[in-house]
Amino acid sequence: MMSKTPKEIVKSAYEVDLIHNLDELLDYLHPDIELDWSSSFGFLKKDFDGIVSMFKEMTVSFESIRCDISHLLAERDTVTIRCTFYAGTIENPGKEEHFAHFISIWELKDNKLYRGYQIS
């Protein structure tokens, strides 16, 4: 089996059904991952445990999550992705609404997401 390009790795990571298969997403995260995130709540810095905790909280709140990727650019081991996330809540099953727009730059190491710079 051929190895994936950095662009394919990032695309696959964002397409994981994390509500029903969080462990698959964890396979894409480098153990030393760091994410610098400028969000509507201010600046956040997350490490592996912080990212895992955030996604575990999402599995409790949402029935489904889907990512719509509009841009995906790569240069060597650095990938930029622009996407919109849609979710179905537990309180309103069957109705999907967008909940966030992201632009993220990921540096990969050992074919895993290693350093992230994100704005939402």
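**Helices α1 and α3 and a buried loop residue**

Trainee: Which elements are among those that cover the buried residues of α1?

Mentor: This is a predicted model, in which local features need pLDDT of at least 70 and side-chain atom pairs count only at pLDDT 80 or more, while totals for chains, interfaces and linings use all residues. Residues are numbered from 1 along each chain as its sequence is written, and side-chain values use heavy atoms, with hydrogens and water left out. The buried residues of α1 (buried being under 20% relative accessible area, exposed over 50%, partly exposed in between, with a 1.4 Å probe and protein chains only) are Pro6, Ile9, Val10, Ser12, Ala13 and Tyr14. Taking elements as DSSP runs numbered from the N terminus (helices H or I of at least four residues, strands E of at least two), the cover of these residues includes α2, β3, β4 (78-89), β5 and β6.

Trainee: How far does α3 reach from its first C-alpha to its last?

Mentor: α3 has 14 residues, and the expected span is 1.5 Å times one less than the number of residues. The expectation for α3 is 20 Å, and the modelled helix comes close to it, with a reach of 20 Å.

Trainee: Within what arc do the buried residues of α3 fall?

Mentor: The residues concerned are Ile51, Val52, Met54, Phe55 and Met58, the buried residues of α3. Seen down the axis of α3, they line one face of the helix, because the directions from the axis to their C-beta atoms fall within an arc of 160°.

Trainee: Which exposed residues does α3 carry on the face turned away from its buried side?

Mentor: The buried side of α3 has a cover that includes α2 (22-26), β1, β2 (42-47), β3 (62-75) and β5. On the face turned away from that side, the exposed residues are Asp49, Glu57 and Val60.

Trainee: Is Ile19 buried or exposed?

Mentor: Ile19 has its place in the loop between α1 and α2. Its relative accessible area is 15%, so by the cut-off already given Ile19 counts as buried.

Trainee: Which residues are in contact with Ile19, leaving aside its neighbours within four places in sequence?

Mentor: Arg115, for orientation, lies 96 residues from Ile19 in sequence and 23 Å from it in space, C-alpha to C-alpha. With contact taken as heavy atoms within 4.5 Å, and with the neighbours of Ile19 within four places in sequence left aside, its partners are Met58, Thr59, Phe62, Glu63, Ser64 and Ile65.
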